[in-house]
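Trainee: I should like to go through the assignments made for this protein and hear the reasoning behind each one.

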Amino acid sequence: MLSKVLFVSSLGAAAAFAPGAMLPATARRTPATSTKMQLWDDGKSQGKGVTAIPFAGRPDTPAFDGTWVGDTGFDPLCISGNLDMKFLREAELKHCRVAMLATAGAIAQDLFSFPGAKDVLGDAKMTALHDVAVSKGAMGQLLLWIGFFELFSTAAVIQMCTDDTITRKPGDFGFDPLSLGKGDKLARMELAEIKNGRLAMIAIGGIVHHYLITGKGPMELITG
């Protein structure tokens, strides 16, 4: 029964990317004649030759002008044509960063535990750990402090989206204690962050779902 459900779900997911069912033909550009590995090139030609869905072409929205980091020509719903691209990139980067932390944490749970953690949380992991943390009050503390920091980030995003004189880039909070993005290294690090973040969002989604099905963490599932 489970295999049938997964098969039907996969068909639905594939159908969701069929452009003719969602968008008029005029909403998309003609497919590129060829694709190439995406290079940053200082933002001059980023993504212009990259099309994620070859038969659909690149979305015909201002966001796909080839200057945004991580432009792979993927926006089957043309969301970028209806919302501020600065807001969308801010949201994507925030989800990327949270997903990278979550993926690393999910893997770490299978490899070791911090001193004193078992005394409070026991052997729970993944969604079970969340439930235990809620009952112990730990998640309430996280909600309080993360919400506090979100007040400042929200103010920065509103200013960025409403004031054209502000030069802040989406996701830039001036946090680089190791100077990894200084000088000519910034472009490379921005591209690496967005690509690793997108992979992490897919990864943590898979990790959570296979935990719900098998009750095993990522490393435990691999090693048996």
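Mentor: What follows is a set of questions on how particular labels are justified in this predicted model.

Trainee: What makes up the secondary structure of the protein, and in what order do the elements run?

Mentor: The protein has seven helices and zero strands. Read from the N terminus, the elements run α-α-α-α-α-α-α.

Trainee: How many residues are there, and what percentage of them is buried?

Mentor: The protein has 224 residues, and buried residues make up 28% of them. The area exposed by the protein is about 14700 Å², of which carbon and sulfur atoms supply 68%. As for contacts with a separation of 6 or more, 57% join residues 24 or more positions apart.

Trainee: Why is Asp71 called buried?

Mentor: The relative accessible area of Asp71 is 4%. Buried means under 20%, so Asp71 is called buried at its 4%. Asp71 is located in the loop between α1 (2-16) and α2 (85-111).

Trainee: What makes the approach of Asp71 to Gly73 a polar contact?

Mentor: The side chain of Asp71 reaches the backbone nitrogen of Gly73 at 2.9 Å. The cut-off for a pair of N or O atoms is 3.5 Å, and the value of 2.9 Å is within it.

Trainee: Why is Arg89 called buried?

Mentor: The relative accessibility of Arg89 is 7%. Since buried means under 20%, Arg89 counts as buried. Arg89 lies in helix α2. Not counting residues up to four places away in sequence, Arg89 touches Trp68, Val69, Pro170, Ile194 and Arg198.

Trainee: How do you know that Arg89 and Glu92 form a salt bridge?

Mentor: Their side chains meet at 3.1 Å, N to O. The limit for a salt bridge is 4 Å, so the pair of Arg89 and Glu92 qualifies at 3.1 Å. Both residues lie in helix α2, three residues apart, which is about one turn of the helix.

Trainee: What does the pair of Glu150 and Lys94 tie together?

Mentor: The side chains of Glu150 and Lys94 meet in a salt bridge at 3.1 Å, N to O. Glu150 lies in helix α5 and Lys94 in helix α2, so the pair ties together parts that are 56 residues apart in sequence.

Trainee: Why are Glu150 and Lys94 called partly exposed?

Mentor: Glu150 has a relative accessible area of 31%, and Lys94 has a relative accessibility of 29%. Buried ends at 20% and exposed begins over 50%; the values of 31% for Glu150 and 29% for Lys94 lie in between, so both residues count as partly exposed.

Trainee: What makes Asp123 and Lys118 a salt bridge, and are these residues buried or exposed?

Mentor: The side chains of Asp123 and Lys118 meet at 3.3 Å, N to O, and the limit is 4 Å. Asp123 is exposed, and so is Lys118. Elsewhere, salt bridges that share partners join Arg89, Glu92 and Arg198 into one network. The structure holds ten salt bridges.

Trainee: Which residues make the nonpolar surface patch, and why does Phe152 count as exposed?

Mentor: The patch, of about 740 Å², is made by Leu144, Trp145, Phe148, Phe149, Leu151 and Phe152. Phe152 is in helix α5 (residues 138-162). Exposed means over 50%, and Phe152 therefore counts as exposed at 54% relative accessibility.

Trainee: Why is Phe173 called partly exposed?

Mentor: The relative accessible area of Phe173 is 44%. This value lies between the limits of 20% and 50%, so Phe173 is partly exposed. Phe173 is in the loop between α5 and α6 (186-214). Leaving aside neighbours within four places in sequence, Phe173 is in contact with Glu90, Arg97, Ser153 and Arg168. The C-alpha atoms of Phe173 and Ala156 are separated by 8.9 Å, the two residues being 17 residues apart along the chain.

Trainee: How many disulfides does the structure have, and why are Cys78 and Cys96 called buried?

Mentor: A search of the whole structure finds zero disulfides. A disulfide would need a pair of cysteine sulfur atoms within 2.5 Å. Cys78 has a relative accessible area of 9% and Cys96 one of 0%; both values are under 20%, so both residues are buried.

Notes:
Residues numbered from 1 in each chain as written. Predicted model: local features only at pLDDT ≥ 70, side-chain atom pairs only at ≥ 80, totals over all residues. Heavy atoms only, no water. Patch = residues over 30% accessible without salt bridge, like charges linked within 9 Å, V, L, I, M, F, W, Y side chains within 5 Å. Areas by Shrake-Rupley, 256 points an atom, 1.4 Å probe, with all protein chains shown as cover. Helix = DSSP H or I, 4+ residues; strand = E, 2+ residues; numbered from the N terminus. Buried < 20%, exposed > 50% of the residue type's maximum accessible area, 1.4 Å probe, protein only. Contact = heavy atoms within 4.5 Å. Polar contact = N/O pair within 3.5 Å; in protein donor to acceptor, adjacent residues only side chain to side chain.
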